[in-house]
Amino acid sequence: MQKQEIKLLDVVALLKDKQESKLSIGQVGTVVEILDKGIFEVEFSNKTGETIALVPLKEEELLLLHYEVEMV
């Protein structure tokens, strides 16, 4: 299976704790900006939609999430 490229507005999960931002492994966020090749600004929100963190993250710190099965 080929690795998919992360794009603007993709939903991603955090692969490692980010204690300085009070984020834990598995937290789900949305890519809101592509800062550079392999570096993304990701917004994490609470259940009511309020932003709890907006952090730059490297591609290797993120897992791209899927809602539907993609046929390869």
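**Leu 8 and its surroundings**

I looked up Leu 8 and found it in contact with Val 31, Val 32, Glu 33 and Ile 34, leaving aside neighbours within four places in sequence; contact means heavy atoms within 4.5 Å. The model is predicted, so that local features need pLDDT of at least 70 and side-chain atom pairs count only at pLDDT 80 or more, while totals for chains, interfaces and linings use all residues. Residues are numbered from 1 along each chain as its sequence is written, and side-chain values use heavy atoms, with hydrogens and water left out.

I placed Leu 8 in the segment before β1; helices (H or I, at least four residues) and strands (E, at least two) are DSSP runs numbered from the N terminus. Leu 8 counts as partly exposed because its relative accessibility is 48%. The classes are buried under 20% relative accessible area, exposed over 50%, and partly exposed in between (1.4 Å probe, protein chains only). I noted a separation of 24 Å between the C-alpha atoms of Leu 8 and Glu 20, which are 12 residues apart along the chain.

**Surface patch**

I then looked up Ile 34, one of the contacts of Leu 8. Ile 34 belongs to strand β2 (residues 28–36) and is classed as partly exposed because its relative accessibility is 43%. Leu 8, Leu 9 and Ile 34 make a nonpolar surface patch of about 300 Å². Patches are made of residues with over 30% relative accessible area and no salt bridge, with like charges joined within 9 Å and nonpolar side chains (Val, Leu, Ile, Met, Phe, Trp, Tyr) within 5 Å. The accessible areas come from the Shrake-Rupley method with a 1.4 Å probe, and for residues only the protein chains shown count as cover.

**Salt bridges**

I searched the whole structure and recorded two salt bridges, each a side-chain nitrogen of Lys or Arg within 4 Å of a carboxyl oxygen of Asp or Glu.

One salt bridge joins Lys 7 to Asp 10, with the closest N and O atoms 3.8 Å apart. Lys 7 is partly exposed because its relative accessibility is 47%, whereas Asp 10 is buried, given its relative accessible area of 14%.

Another joins the side chains of Glu 61 and Lys 18 at 2.6 Å, N to O. This pair links distant parts of the chain, 43 residues apart: Glu 61 is in the loop between β4 and β5, and Lys 18 in the loop between β1 and β2. Glu 61 counts as buried because its relative accessibility is 6%; Lys 18 is also buried, at 15% relative accessible area. Beyond its neighbours within four places in sequence, I found Glu 61 in contact with Ala 13, Leu 14, Leu 15, Lys 16 and Lys 18.

**Nonpolar core**

I looked up the largest nonpolar core and found 13 residues, with Ile 6, Val 12, Val 42, Phe 44, Leu 57 and Leu 62 having the most contacts inside it. The elements giving two or more residues to this core are β1 (11–14), β3 (39–45), β4 (51–58) and β5 (62–64). A nonpolar core is a set of buried Ala, Val, Leu, Ile, Met, Phe, Trp, Tyr and Cys residues joined through side-chain atoms within 4.5 Å.

I followed Val 42 further: not counting residues up to four places away in sequence, Val 42 touches Val 12, Gly 29, Thr 30, Val 31, Ala 53, Leu 54, Val 55, Leu 57 and Leu 62.

**Lys 3**

I last looked up Lys 3, in the segment before β1. Lys 3 is exposed, with a relative accessible area of 67%. The C-alpha atoms of Lys 3 and Leu 64 are separated by 9.4 Å, the two residues being 61 residues apart along the chain.
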